[in-house]
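Work through the exercises below with the sequence and the structure open beside you. Try each task before you read its solution.

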Amino acid sequence: MSQQQDAPSIYATLASTFMQFPATDDPVSSDAEVVVTGVPFDLACSGRSGTRLGPNAIRLASANLAWEGERWPWGFALDEALKVADCGNLGFRYGEPQSLVDNLETHVERLLGAGKRLLNLGGDHFITLPSLRAHARHFGPLALIHVDAHTDTYSGGTRYDHGSMFHHAVQEGLVDTDRSIQVGIRTTYDRDDHPFEVLDAAWVNEHGPAAVVERIRARVGEAPAYLSFDIDGLDPAYAPGTGTPVSGGLTSDCALKLIRGLQGLDPVAMDLVEVSPAYDHAEVTSLTAATLALEYLYVLAANKR
Ligand SMILES: [Mn+2]
């Protein structure tokens, strides 16, 4: 009897949570310190859709990372330092973007009120705006660390638009622009009226990750920071599976070092957005996204230790 119970299961894990973290359908009262939420929303895309399938693709790819106990180069196991749970994908009424806005703001507000931190897996980049609103209500205006090919500050967008969130964030006072920085930009924006510091992709590729980290740390300082990571900040060679790829972006190595370089700062939230599996090859984009998200969790864990 006991031998039977102790024997390992002959069945592989069926459900794929992010990193095989415990699943929870009650994240507010769970003991998790960080809650992973999938936000399968892509109604705000200007071009190719498909990011609604991003969260599950990232979860599936993360299985490739779940075998490593003491993750290199951190040298400790995440679950020894940080309790993380995956609450699945946020529901909303399809075809009704406002229901996503309402549900996401409520979800984030409840979790922050319970002392949790969030890792959101998109979905298109629009999902950042409701999440940022709830975070700003909790923390006050946040430092924004924004990795992207695009500034997403376009003022002439539609109501639900994945290219205008940071225009609205400034208008609504959600971010402290003096402490905010955009990295990897390589598309046009209004340089005469732009409140964020910009490290464009050419500068990043010329100066390297150490210089990028130095500039981020100088800009953000002690402020609570919101890390919004659009996977198209990376070059399409490293992240082809996205709706609006732009040549000349960051390497995955640079992106990993950028996130590791946030250790000691106070990055209170991360969203990882715009993974669109239909354009991916060999899961390269999903795997990179999963790795970047995991590195963020390690930053939180290292800060706690
Ligand atoms: Mn983008």
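A residue is called buried if 20 or more other C-beta atoms lie within 10 Å of its own, exposed if 12 or fewer do, and partly exposed in between. Keep in mind throughout that this is a predicted model.

**Exercise 1. Decide whether Asp232 is buried or exposed, and describe its surroundings.**

Step 1: Begin with the location, which is the loop between β9 and α9. The unreviewed UniProt entry lists Asp232 under "binding site", and such an annotation may be inferred rather than shown by experiment.

Step 2: Count the neighbours of Asp232, which has 30 other C-beta atoms within 10 Å, and therefore Asp232 is buried.

Step 3: Look at the contacts, leaving aside residues up to four places away in sequence; those that Asp232 touches include Asp148, Ala149, Thr242 and Glu274.

**Exercise 2. Classify Asp152 and Glu283 as buried, partly exposed or exposed, and examine the phi angle of each.**

Step 1: Place Asp152 in the loop between β6 (143-147) and α6 (165-171), and Glu283 in the loop between β10 and α10.

Step 2: Apply the cut-offs to each residue in turn. Asp152 has 27 C-beta neighbours inside 10 Å, so Asp152 counts as buried. Glu283 has 17 other C-beta atoms within 10 Å, so Glu283 is partly exposed.

Step 3: Turn to the backbone, where phi is near 55° for Asp152, a positive value in a residue other than glycine, and where phi of Glu283, also not a glycine, is positive as well, near 60°.

**Exercise 3. Trace the sheet of eight strands and find its edge strands.**

Step 1: Follow the order of the strands, which is β4-β1-β5-β10-β9-β6-β7-β8 in an open sheet with parallel pairing.

Step 2: Identify the edges, which are β4 (84-89) and β8 (197-200), since each of these pairs on one side only. On average, and with direction ignored, neighbouring strands of this sheet are turned by 15° against each other.

Step 3: Examine one pair closely: β5 (residues 117-122) and β10 (residues 266-273) run parallel and are joined by four bridges, and Asn120 has Asp271 in β10 as its bridge partner.

Step 4: Add the helices that touch the sheet. Helix α2 (residues 54-62) packs on β1 (34-39), β4 and β5, with its direction at about 105° to that of β5, while helix α10 (residues 284-304) lies across β1, β4, β5, β9 (224-230) and β10, running at about 170° to β10.

**Exercise 4. Describe how helix α8 packs against helix α9.**

Step 1: Consider the geometry of α8 (residues 209-220) and α9 (residues 252-260), whose axes lie 9 Å apart at an angle of about 35°; the crossing of α8 past α9 is right-handed.

Step 2: Name the residues that meet, which are Pro209, Val212 and Val213 in α8 and Cys254, Lys257 and Leu258 in α9. Sorted by class, this contact has five nonpolar residues, one charged residue and no polar ones.

**Exercise 5. Locate the cis peptide bonds at Pro73 and Gly123.**

Step 1: Find Trp72 and Pro73, which are joined by a cis peptide bond with omega of about 0°; Pro73 lies in the loop between β2 (70-71) and β3 (76-77).

Step 2: Find Gly122 and Gly123, whose cis peptide bond has omega of about 15°; Gly123 belongs to the loop between β5 and α5 (128-139).

Note on methods: Residues are numbered from 1 along each chain as its sequence is written. This is a predicted model: local features need pLDDT of at least 70, side-chain atom pairs count only at pLDDT 80 or more; totals for chains, interfaces and linings use all residues. Axes are lines fitted to C-alpha atoms, for helices over the stretch in contact, and angles run from 0 to 180 degrees between N-to-C directions. Helices (H or I, at least four residues) and strands (E, at least two) are DSSP runs, numbered from the N terminus. A crossing is left-handed if the near helix is turned anticlockwise from the far one by less than a right angle, and right-handed if clockwise. Two residues are in contact if their C-beta atoms, placed from the backbone, lie within 7 Å. Ala, Val, Leu, Ile, Met, Phe, Trp, Tyr, Cys and Pro count as nonpolar, Asp, Glu, Lys and Arg as charged, and the others, Gly among them, as polar. Two strands pair if DSSP finds at least two bridges between them.
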